[in-house]
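Open the model in a viewer with residue selection and the backbone trace switched on. The stops below are meant to be selected one after another.

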Amino acid sequence: MTPTCTNSTGEDNSSQACMPLSKMPISLAHGIIRATVLFAFLAVSFVGNVVLGYVLNHKPQLMQVSNRFVFNLLITDLLQITIVAPWVIATSIPAFWPLNSQFCTALVSLTHLFAFATVNTIMVVSVDRYLCIIHPLSYPSMMTTRRAHKLLQGTWFLAILQSTPPLYNWGQATFDERNALCSMIWGGSPVYTMISVASFIVVPLAVMIGCYSAVFGVARRQHALLYNNAKSRSLGVRAKDSVKTENRRGIKKRDEFQDENEFQSKDGGRRNSNCNPPLPPCYQCKAARVIFLIIFSYMISLGPYCFIAVLAVWVDVQTKVPQWAITIIIWLFFLQCCIHPYVYGYMNQSIKKEINEVLRKLLRKNRPFTEVSHRDLHETEAGIEGGIEDKIVPSYESA
């Protein structure tokens with residue numbers, strides 16, 4: 001039965017049909033908040049991916065085989081935030097969709113294309129790191145540059161196969177006016193939904209957990225080996241020092257007692273420093289932290305999206321799921337574009353060093369001059385000969 005609402009103008013007391021509360025579109029304030037947060041994610045992701053891509057592209061020593069996969073991941077993120085995200089921000093205005101349903105289907109297919117390319121690249125990165133750590137001697141012959149390029153091409157080819165079924169009517173996309181979102185009708189094709197969820201979350205998680213579990217096992221064995229070596233070395237040094245001390249005590253004369261005491265004090269200090277050697281770095285702790293961050297960020301980004309897709313097979317998501325829950329799922333879906341530059345780039349020590357160097361140069365160029373300097377003097381000459389070592393003197397290039 002259609003709910004009715006009463007016209008309160010006083011001119012006409014007749015009843016008129018009104019929309020149920022469960023089907024009301026999002027409010028203007030809701031749309032503004034959604035668009036603002038998405039724009040912030042877009043800006044952070046754009047800066048992070050561009051800086052990391054610039055460093056990898058301008059440092060040939062960093063463009064190794066594994067970093068080529070990371071570079072492909074940056075490309076997928078940039079395509080996602082430059083092509084798809086602006087349309088999601090535009091549709092956040094309630095009940096606004098300027099184009100037809102065919103374009104909506106194309107937009108959903110593009111969203112899934114870049115998402116599947118990202119997922120496939122993450123699986124390749126996991127396998128690459130597994131081979132690099134578990135089989136370090138045969139890794140250069142197994143993962144050549146040519147083979148890496150074929151794997152990258154395979155990630156995109158597989159992503160095209162995974163994302164294009166809605167274009168030939170296997171799966172349907174539409175504009176959800178209630179949630180102001182162009183989305184898939186997951187309940188219309190359960191088979192495609194299950195295949196998509198398996199490709200998004202089940203298979204990638206199985207690959208990542210399997211590969212990184214083996215990597216973590218190697219890290220534990222390496223840490224135990226280093227600790228045992230350090231411990232045995234410490235015991236050997238202590239035993240050797242004790243033998244030397246006993247021999248010296250037997251052969252020294254009583255008139256050299258003072259010299260012997262001085263020697264023993266020095267030798268005892270060295271023994272004490274070797275009694276408790278510093279433990280080697282906790283490689284297993286670092287490996288566990290990195291692995292946890294990789295898997296957790298992946299699950300928190302794509303897990304809710306896959307859960308809502310499975311739920312849509314049995315439940316009418318457009319009316320039963322709260323609108324704020326849909327908005328949070330959208331935020332988490334695009335949050336992965338902000339996380340990838342940090343997880344796969346900045347946590348790498350060599351890449352982190354180069355990024356810091358690039359940022360330092362940019363800050364140095366944008367820093368205002370605090371002292372007047374001569375252009376014909378170099379930075380070191382101006383600082384030494386002019387007697388102004390503590391002042392800031394820009395070099396010729398910065399000038």
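Select Ala180 to begin: its relative accessible area is 0%, so Ala180 is buried (buried means under 20% relative accessible area, exposed over 50%, partly exposed in between, with a 1.4 Å probe and protein chains only). Ala180 sits in the loop between β3 and β4 (181-184); helices (H or I, at least four residues) and strands (E, at least two) are DSSP runs, numbered from the N terminus. Although Ala180 is not a glycine, its phi is positive, about 50°.

The model is a predicted one, in which local features need pLDDT of at least 70 and side-chain atom pairs count only at pLDDT 80 or more, while totals for chains, interfaces and linings use all residues. Residues are numbered from 1 along each chain as its sequence is written, and side-chain values use heavy atoms, with hydrogens and water left out.

Go next to Asn169, in the loop between α5 (145-163) and β3 (173-176). Asn169 also is not a glycine and has a positive phi, about 65°. Is Asn169 buried or exposed? Its relative accessibility is 71%, so Asn169 counts as exposed.

Stay in this loop and select Trp170, which lies between α5 and β3. Trp170 counts as partly exposed because its relative accessibility is 35%. Add Leu167, Tyr168, Val191 and Ile195 to the selection: with Trp170 they make a nonpolar surface patch of about 510 Å². Patches are made of residues with over 30% relative accessible area and no salt bridge; like charges are joined within 9 Å, and nonpolar side chains (Val, Leu, Ile, Met, Phe, Trp, Tyr) within 5 Å. The areas come from the Shrake-Rupley method with a 1.4 Å probe, and for residues only the protein chains shown count as cover.

Now show the cysteines. The structure holds 1 disulfide, defined as a pair of cysteine sulfur atoms within 2.5 Å. Cys104 and Cys182 form it, with their sulfur atoms 1.5 Å apart. The link joins distant parts of the chain, from Cys104 in helix α3 (residues 101-134) to Cys182 in strand β4, 78 residues apart. Its angle about the S-S bond is 135°, and the link of Cys104 and Cys182 is right-handed. Both Cys104 and Cys182 are buried. Cys211 counts as buried at 11% relative accessibility, and Cys306 counts as buried at 4%.

Select residues 65-90, helix α2. Its 26 residues should span 38 Å at 1.5 Å a residue, and the end C-alpha atoms are 38 Å apart, which agrees; the expected span is 1.5 Å times one less than the number of residues. Where does α2 kink? The kink, about 40°, is at Val84, shortly before the proline Pro86. The bend at a residue is the angle between axes fitted to the seven residues ending there and the seven starting there.

Move to Gln318, in helix α9 (residues 317-320). Gln318 counts as partly exposed, at 33% relative accessibility. Measure from Gln318 to Asp176: the two are 142 residues apart in sequence but 7.3 Å apart in space, C-alpha to C-alpha.

Finish at helix α11 (residues 349-366), where Arg360 and Glu357 lie 3 residues apart, about one turn of the helix. Their side chains meet in a salt bridge (2.6 Å, N to O), meaning a side-chain nitrogen of Lys or Arg within 4 Å of a carboxyl oxygen of Asp or Glu. By this rule the count comes to 1 salt bridge. Arg360 is partly exposed at 43%, and Glu357 is partly exposed at 30%.
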